[in-house]
Amino acid sequence: MPSLANGLVVGHRKLSKDMYELEFIAPEIANECKPGQYINLKVGNELDPLLRRPLSLYDVDKRLGSITLLYKVVGKGTQILTRTKVKEYVDVMGPLGRGFKILEEKSNALLIGGGVGIAPLVYLARVLKDNNCNVQVLHGTDTKNNLVDFNKLEEIGVEYILATDDGSFGFKGFVTDFLKEKINPKEIDYIYCCGPEPMMAEVAKYALVNNIDGEVSLEEHMACGVGACLGCARKLKSKDELYVKVCKDGPVFNINEVELNK
Amino acid sequence: MPSLANGLVVGHRKLSKDMYELEFIAPEIANECKPGQYINLKVGNELDPLLRRPLSLYDVDKRLGSITLLYKVVGKGTQILTRTKVKEYVDVMGPLGRGFKILEEKSNALLIGGGVGIAPLVYLARVLKDNNCNVQVLHGTDTKNNLVDFNKLEEIGVEYILATDDGSFGFKGFVTDFLKEKINPKEIDYIYCCGPEPMMAEVAKYALVNNIDGEVSLEEHMACGVGACLGCARKLKSKDELYVKVCKDGPVFNINEVELNK
Amino acid sequence: MKKNEDKSPEMIVNLGGLRLNNPVTVASGTFGYGREYEDYVDISKIGGIIVKGTTLEARPGNPPQRIFETPAGMLNAIGLENPGIDVFLNEFLPELVERNVTVIANIAGNIVEEYAEVTRRIEKHKGIAAIELNISCPNVKQGGLQFGTDPKAVKDVVKAVKSETSIPVIPKLSPNVTDIVEIAKAAEAGGADALSMINTLMGMAVDINTRKPVLGNIFGGLSGPAIKPVALRMIYQVYKEVDLPILGGGGIMNVNDALEFIMVGSSAISIGTGNFVNPQIAEDIITGLRDYLEANSITSIEDIVGVAVQR
Amino acid sequence: MKKNEDKSPEMIVNLGGLRLNNPVTVASGTFGYGREYEDYVDISKIGGIIVKGTTLEARPGNPPQRIFETPAGMLNAIGLENPGIDVFLNEFLPELVERNVTVIANIAGNIVEEYAEVTRRIEKHKGIAAIELNISCPNVKQGGLQFGTDPKAVKDVVKAVKSETSIPVIPKLSPNVTDIVEIAKAAEAGGADALSMINTLMGMAVDINTRKPVLGNIFGGLSGPAIKPVALRMIYQVYKEVDLPILGGGGIMNVNDALEFIMVGSSAISIGTGNFVNPQIAEDIITGLRDYLEANSITSIEDIVGVAVQR
Ligand SMILES: Cc1cc2nc3c(=O)[nH]c(=O)nc-3n(C[C@H](O)[C@H](O)[C@H](O)COP(=O)(O)OP(=O)(O)OC[C@H]3O[C@@H](n4cnc5c(N)ncnc54)[C@H](O)[C@@H]3O)c2cc1C
Ligand SMILES: Cc1cc2nc3c(=O)[nH]c(=O)nc-3n(C[C@H](O)[C@H](O)[C@H](O)COP(=O)(O)OP(=O)(O)OC[C@H]3O[C@@H](n4cnc5c(N)ncnc54)[C@H](O)[C@@H]3O)c2cc1C
Ligand SMILES: Cc1cc2nc3c(=O)[nH]c(=O)nc-3n(C[C@H](O)[C@H](O)[C@H](O)COP(=O)(O)O)c2cc1C
Ligand SMILES: Cc1cc2nc3c(=O)[nH]c(=O)nc-3n(C[C@H](O)[C@H](O)[C@H](O)COP(=O)(O)O)c2cc1C
Ligand code: FES
Ligand code: FES
């Protein structure tokens, strides 16, 4: 059962210019977590900023009861979050939403992340790996600086390919270019994707053309995170007149189910 | 000239349950300071809390360019202020307002503070002492816990008498009782007073009865601190129809000039 | 402090015939149908749950983006997305009734007859304790101006609904008016049992990068602490002039806020945006109010309703 | 980025005949008579200074407490404390004129004739660039309801003032109305040269310890970031329907806020509460706007006025 908790911060570090990794202990919440879900975090105790911020499960350690977040500073809330110190508490509710489908043993999974969209894919990689799947992670970023922690991916033991827009590291170009040029669609059973929508739209097209099933994780402005406010609406491709709630019906949707903004 | 500055915090410590001492470096401001003036501090960078908080000059070191504040946690703003760390910056404007009159050499000054109202009297004591006045400080607090830093007063070299409501330290009773019982009005040239209004009202009565001149420092809710918004109005005893501005015409007023709430 | 168990303060309130176990309700549109928050709070302990606004037919709601944070507040332009009254009554209501929740329906429509028909269906069903009338919808017969901004329309719609039902009818006033007292009096004239106030202030935001309004609907309703001063003022004005009990809300985030609303004349309070920030806020405020009454030796919450109003 | 010195963006705006060196003004009642902020900012660089509201005779103002902080906002109930128009013109104005400040007077009254008389005195004097009409005062002839809430009264007072002066007349609209467009049109019909919007929302706060309203006057005006969404919405509505330039404000705290106001149709902006938080805000926003125009290769500020409004 999801719950509300004060998570004890046990780790917080800057990974690059605007990327941070924050780890806290909240066993009741950690214990319920599935890859693709997220938590809602209150930054600061004041009325500005007011609403909670949704952040994906970047990694979860159920034994320790810890949850790790990977976040990018984009505005007021994430800026304030950077000031959180180890030993302080964060006010967290979750886990929220519907997570990724976990493939059967031996399946071949391709995880494609753009920018901070890599966050939910890392925990997913861990769980898929634990389930004996073959996991390949493609990650596109603008430049070498905005990296996640390689050690974590190494520890999980998955193949990790980085594509940088400026070629400062790994493959030079978009991750979608790499996908089209270097990946053999025949070797892929399922695609998981999270990142900027134009990127996800490209990946969805690739999946459709190559007849590969998969899932994407969406972002939408949220208030409640539990399906109560109807604020996070998204149109499905199939149902013209009705909306789904990203917070509860998602954030993970089938790759062909949702309309993606190009 | 008063100015706006980022003061580098060089000291911040808890003195007791809800009293804190914060020292920062802001030479441009420190250099202009007179006892009885105050600064306007912005706590946090967000829109809640919104307005600056007025805080008195508790001590000033013009050689180092430092200003020390003594503050009591009473609400949102002062609560947030407690989180400020050494090496961080505070956003300060000032010095603001009209300060205390500085007595001539050899005068006998009685400084009476109630609670955190002692703050402006400490810097005043220093300046009066530097001017070779005889300075006696009476300080009333509810209990022993809420003390200022004795060392500071010892260093300044003034006589300091504490009265606690519960008798846990020094004289047992109100500081005004001490005043009436133990002080010889003939030996006092001038009274400076800052504290809760009922206390100041009592002291003002004492001054009137004993024909001693003096000054009080008032508090009023403020927005601008510079006389622009007319938010901090107070009625003078003499002028029935017109208000003075505590922020600019004060916060220091003649002890018989203002109406004090009992 | 010693607590006398026999004299625990009275928290039950009577809101124009609607009996609430305590004065704390959750506002329409912010608590779904209750079950969404079940993991976080015991919903049967809340004084009353005002469910999402319901119309006769299902409505899809507005295109995204539907919400946006503003300084100490938020904008929403949900557009009354709801499955229609019949789905609500048949599929969502039963489990609430079973759990002994005091359910207040919130109904909306574009013409008076729509309100009346929704009311008839509610009346036929059992299980709803009161009807909150959302009159901030465009009145299509009046050229799209909101019902809630025209005294005559307010009176008409309240009257139409009252005549169809025996349960208390509580019009929810829009704050986007020149004279809230005039509107409140019109609701009274229509036969309202109590007044709910305030609904959201109309606002908007601009995305300076796209140079377009943020919300798909351009305009949205402003809620949260930002609007609290306006809500308190309007409730004060109405409490002073109109003799109906008030369900007050707008920006309540803690027990002190709740007390402010009660002191300006609210017999009960509603929490909206606060649920998003603290999903346990309703329970927290119920506890806080009880503690306040005990600490101040006040025997009943009713004793402090309107104490700040100078008559 | 290379900067072409010859093509630095145009910041001059024309507000219904009022020429401002840049679109940034400071709002009435928040910047005194300019000199109060002289230590912090070069007041001659500000597009225009709207001085404290002035009445015919001196007014003492309201009893304390006059101000109170609210979530992302503040309440004020100053009560138009001012020394009267003659003292202003003779004692405060000359030094502003000497410093080349563009001074906009803000005038108020309880009857139309009072507005007219103040205007005549301004007209006789030189040195004032425009008149902002504060119509949020109680109209004593109309039983105390504000001028600003009644279209007919708005039209009458604008007309009366216009007929007494040759400088631009800018009514400042009250947001406490059902239909802001109707009021704006009434001001236009009265001959307004531009519109200033918005004034404060009426609000209040309660001290739960004393169980009394916080403000001596009970009600006060809500300003600051809290009201920004309401201000943007009203300006959007008026820009769409009325053909007058708008001086927009309400909660502006930084250059992004200023851009939002410009994009919904403000030709110039006014900063009120923001001055209290950052006494250098006007200069900061002037710089910020210039930087924005340069970074986006926009040649004149006028090019982005109203770009977010869908017609
Ligand atoms: C399900 C989900 C999972 C997410 N996981 C991550 C993650 O693991 N790491 C990460 O860095 N970011 C993640 N995001 C995006 C993150 O929520 C926003 O970057 C963050 O809320 C920005 O807050 P801010 O105050 O810094 O920015 P501001 O722009 O000041 O925020 C203003 C308002 O907009 C909302 N908002 C802004 N950007 C977004 C966005 N992209 N999606 C939804 N709401 C937004 C904020 O929540 C806030 O209400 C996720 C978003 C969703 C919906
Ligand atoms: C000239 C002057 C000098 C002062 N010097 C000191 C000092 O040296 N040490 C100290 O501890 N306190 C001092 N105060 C009081 C101090 O300003 C308040 O305690 C502080 O503003 C409270 O802020 P808050 O956010 O914690 O409280 P909140 O109650 O949350 O504040 C809400 C609002 O009320 C205002 N406010 C609250 N209490 C007061 C008050 N007593 N006077 C004026 N405004 C108030 C705040 O500024 C804020 O705008 C002084 C006040 C004035 C006017
Ligand atoms: C997301 C959202 C949806 C809402 N939906 C409705 C609704 O369907 N019917 C209604 O009468 N009010 C609706 N409201 C208004 C709230 O019930 C409440 O009156 C308002 O938000 C003010 O209270 P608050 O500041 O505590 O949120 C909604 C508010 C929000 C934030
Ligand atoms: C302390 C204070 C005094 C004010 N006095 C006046 C006034 O005399 N005349 C007037 O038209 N508006 C007055 N206003 C309203 C402001 O000019 C401005 O319209 C309003 O505060 C909204 O802008 P803001 O949110 O940027 O403050 C006053 C506002 C404040 C906060
Ligand atoms: S965020 Fe409230 S329904 Fe999705
Ligand atoms: S605080 Fe603005 S005039 Fe005193």
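**Close-up 1. A:Arg126 in helix H3 of chain A.** In this predicted model, A:Arg126 lies in helix H3 of chain A, the helix that runs over residues 119–130. Although an arginine might draw the eye to the surface of a picture, the residue to look for here is buried, because the relative accessible area of A:Arg126 is 17% and the cut-off for buried is under 20%. The side chain of A:Arg126 makes a polar contact with the side chain of A:Glu155, at 2.8 Å. When neighbours within four places in sequence are left aside, the residues in contact with A:Arg126 are A:Asp59, A:Val60, A:Lys152, A:Glu155 and A:Ile156, so that A:Glu155 appears both in this list and as the partner in the polar contact.

**Close-up 2. A:Ala207 in helix H6 of chain A.** The view is centred on A:Ala207, which is found in helix H6, residues 197–209 of chain A. Is A:Ala207 buried or exposed? With a relative accessibility of 0%, A:Ala207 counts as buried. Once its neighbours within four places in sequence are set aside, A:Ala207 is in contact with A:Ile191, A:Ile212 and A:Ile255. A further residue that can be located from here is A:Ile183, which stands 24 residues away along the chain and whose C-alpha atom is separated from that of A:Ala207 by 12 Å.

**Close-up 3. Helix H4 of chain C and its surroundings.** Helix H4 of chain C covers residues 180–189, and within this helix C:Ile180, C:Val181, C:Ile183, C:Ala184, C:Ala186 and C:Ala187 are buried. What covers these buried residues includes two helices of chain C, H3 (151–162) and H5 (228–241), together with strand S9 (169–172) and strand S10 (195–197). At the start of the helix, a side-chain oxygen of C:Asp179 comes to within 3.2 Å of the backbone nitrogen of C:Val181, and C:Val181 is itself one of the buried residues. Beyond the helix comes C:Gly191, which has a positive phi, near 105°.

**Close-up 4. The interface of chain B and chain A.** Eight residues of chain B are in contact with eight residues of chain A, and the area buried between the two chains is about 700 Å², with carbon and sulfur atoms giving 42% of that area. Two salt bridges are counted between chain B and chain A, and in a salt bridge of this kind the side chains of B:Glu46 and A:Arg83 meet at 3.8 Å, N to O. The interface also has two residue pairs in polar contact. On the side of chain B that touches chain A, the residues divide into four charged, three nonpolar and one polar. A turn of 180° with a shift of 0.0 Å along the axis lays chain B on chain A with an RMSD of 0.0 Å, and in chain B the C-alpha nearest this axis belongs to B:Asp48, at 2.7 Å from it. Because 100% of the interface residues of chain B are also interface residues in chain A, the copies meet through the same surface.

**Close-up 5. The interface of chain D and chain C.** Here 41 residues of chain D are in contact with 41 residues of chain C. The area buried between chain D and chain C is about 3,600 Å², and carbon and sulfur atoms give 69% of it. How many salt bridges are counted between chain D and chain C? The count is zero, whereas nine residue pairs are in polar contact. The elements that give two or more residues to the side of chain D that touches chain C are strand S11 (201–203), strand S13 (212–213), helix H5 (228–241) and helix H6 (255–263) of chain D. Among these elements, H5 of chain D gives the most, with six residues. The residues on this side of chain D divide into 28 nonpolar, nine polar and four charged.

**Close-up 6. How chain D and chain C are related.** A rotation of 180°, with 0.0 Å of shift along its axis, superposes chain D on chain C at an RMSD of 0.0 Å. The two copies are therefore related as by a two-fold rotation axis. The same surface serves both of these copies, since 100% of the contact residues of chain D recur in chain C.

Key: Residues are numbered from 1 along each chain as its sequence is written. Chains are lettered from A and ligands numbered from 1 in the order in which they are written. This is a predicted model: local features need pLDDT of at least 70, side-chain atom pairs count only at pLDDT 80 or more; totals for chains, interfaces and linings use all residues. Side-chain values use heavy atoms; hydrogens and water are left out. Contact means heavy atoms within 4.5 Å. Buried area is the accessible area (1.4 Å probe) that two parts lose on being put together, summed over both. A salt bridge is a side-chain nitrogen of Lys or Arg within 4 Å of a carboxyl oxygen of Asp or Glu. A polar contact is a pair of N or O atoms within 3.5 Å; within protein, one must be able to donate a hydrogen and the other to accept it, and residues adjacent in sequence count only if both atoms are side-chain atoms. Ala, Val, Leu, Ile, Met, Phe, Trp, Tyr, Cys and Pro count as nonpolar, Asp, Glu, Lys and Arg as charged, and the others, Gly among them, as polar. Helices (H or I, at least four residues) and strands (E, at least two) are DSSP runs, numbered from the N terminus. Buried means under 20% relative accessible area, exposed over 50%, partly exposed in between (1.4 Å probe, protein chains only). Copies are superposed by least squares on the C-alpha atoms of residues with pLDDT of at least 70 in both.
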